[in-house]
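User: Here is a model I would like to go through with you. Please keep the answers short.

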Amino acid sequence: MFALKNGQQRRRKGAPTLEILNYTLPKLHTGQNWYVDFTCFDPACGKMKRKKYMLDSIKKVSERRERAAEIITNVTVRLRKGWTPWADVSDRRGYAQVEDVLELYHNYIVKLMAAGSMKKKTHYDYTSRLSHLQDFIATRPIPIIYMYQFNQALISDFLDYIFEDCDASARTRNNYRTWCSALCSWMVEKKYLEQNPVEKIRSIPEAEKSRDALTPMDLRKMKEHLEKTDRHMLLACMMEYYTFIRPTELSHVRLQDIFLKEQKVFVSSAVSKNRRDGMVGLNDTLIKLMLDLDIFRNPSGFYLFGPNMTPSEKMADPRIFRDRFAKLRKVMGWPNSYMFYSLKDSGIRDLANAEGIVIARDQARHSDISTTNKYLKGTALAVHEETKRFRGNL
């Protein structure tokens, strides 16, 4: 995660907020001109402004006083509910305070995670992005107080801040845009916004991922090295290469999810990225290594990979695969573009070339071949064997 720049400070949770006296009560003035006036804070210019309702057009004094009383009563009630005359908002929720609404959203995603409807990592990402948005809002020269100020200009400025001030990549900026759109959709659903202000904000072009598949030679060197030094890490690497199971999903695999006779492993919808149950094939090489390591002598409820990479009743942190591979990369003298997830790229490339891209698509649990193609670069792009033998009419 990137850091804040320019000496900006993160607001401490629980820190007192500055209370702003944002209006004065309406009052009747009589004399040469009759009118009711009051002052109200205008966030757009950052100061109190005066509002007047002229009564001179009403001829009778008694009717003027009656109309003035109506205005004073009505305006007083509306001001106390957060209304401001300086915004054109059709729904009173437009006057809800941004700070309160964002806190409601935070509580909402906490409950989603508690209910199992949101992954722990997703919750962490959303909470982090929400924190950056709150920090950004707190630094605005014009205070962002009411929901009617939560508009396209604010979101666009926030995304510029992420991309330029925080020196984030185009991909990270676009991920923030996606999150902002989801946040605003929730706000629209809850009637805090009338429409999603992110819809007219475009994504920006992204550079290709700086992750490369391992060459066949490097794959062989890795296997030879891990055979001698860390066979459980070798099992993790082979699982990624042959099954394409994502690291977070891999950390959740229990021994009871592995079916030896059928040579397959079950991936629950509770942890899978697409929220669907999946069944992935296990080849002979993987099964043999598991048996050699006596994996199945452990209780069936154990996780395949625990904190020490061996089967355990305690689940490993998904980051263990990345961290272990980083050490391996250093030992092997490989470039930083080689990552643990590169093994999935390598496996999809090799399976697609050997058995066809449709087989690779199904093993990777992709909904479309176009997704599978994203893992293939340059000469690694697969073609159907049938096209090589096709005889047309030309």
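User: At roughly what angle do the axes of helix α3 and helix α4 cross?

Analyst: This is a predicted model. Helix α3 covers residues 120-138 and helix α4 covers residues 152-165. Their axes come within 11 Å. The crossing angle is roughly 110 degrees.

User: Is α3 roughly parallel or roughly perpendicular to α4?

Analyst: Angles of 65 to 115 degrees count as roughly perpendicular. The axes cross at roughly 110 degrees. Therefore α3 and α4 are roughly perpendicular.

User: Which residues of α4 make the contact with α3?

Analyst: From α3 come Arg129, His132, Leu133 and Phe136. Facing them on α4 are Leu154, Asp157, Phe158, Tyr161 and Ile162.

User: How many residues of the contact of α3 with α4 are nonpolar?

Analyst: Two of the contact residues are charged and one is polar. The nonpolar ones number six.

User: Which strands stand at the edges of the open sheet β1-β2-β3?

Analyst: Three strands form this sheet, with antiparallel pairing. An edge strand pairs on one side only. That applies to residues 27-29 and 47-54, which are β1 and β3.

User: What is the average twist from one strand to the next in that sheet?

Analyst: The sheet has the order β1-β2-β3. From one strand to the next, the twist averages 35 degrees.

User: How many bridges join β2 to β3, and which residue is the bridge partner of Asp42?

Analyst: Strand β2 spans residues 35-42 and runs antiparallel to β3. The two strands are joined by eight bridges. Asp42 has its bridge partner in β3, namely Lys47.

User: Which helix packs on this sheet?

Analyst: The helix touches β1, β2 and β3. Its direction makes about 15 degrees with that of β2. It spans residues 61-80 and is α1.

User: Why is one side of β4 and of β6 left without a neighbour in the sheet?

Analyst: The open sheet has the order β4-β5-β6, with antiparallel pairing. β4 (258-259) and β6 (278-281) are at its edges. One side of each lacks a neighbour because each has a single partner strand.

User: Which residue in β5 is the bridge partner of Ile258?

Analyst: β4 pairs with β5 (residues 264-267) in the antiparallel sense, over two bridges. The partner of Ile258 in β5 is Val265.

User: Over which residues does pLDDT stay under 50?

Analyst: The chain has a mean pLDDT of 82, and 81% of its residues reach 70 or more. One stretch under 50 has 16 contacts beyond four places in sequence: residues 3-20. Another has 12 such contacts: residues 378-390.

Notes: Residues numbered from 1 in each chain as written. Predicted model: local features only at pLDDT ≥ 70, side-chain atom pairs only at ≥ 80, totals over all residues. Heavy atoms only, no water. Axes fitted to C-alpha atoms, helices over the stretch in contact; angles between N-to-C directions. Helix = DSSP H or I, 4+ residues; strand = E, 2+ residues; numbered from the N terminus. Parallel < 35°, antiparallel > 145°, perpendicular 65-115°, else oblique. Contact = heavy atoms within 4.5 Å. Nonpolar A, V, L, I, M, F, W, Y, C, P; charged D, E, K, R; others polar. Pairing = 2+ DSSP bridges. pLDDT = per-residue confidence, 0-100.
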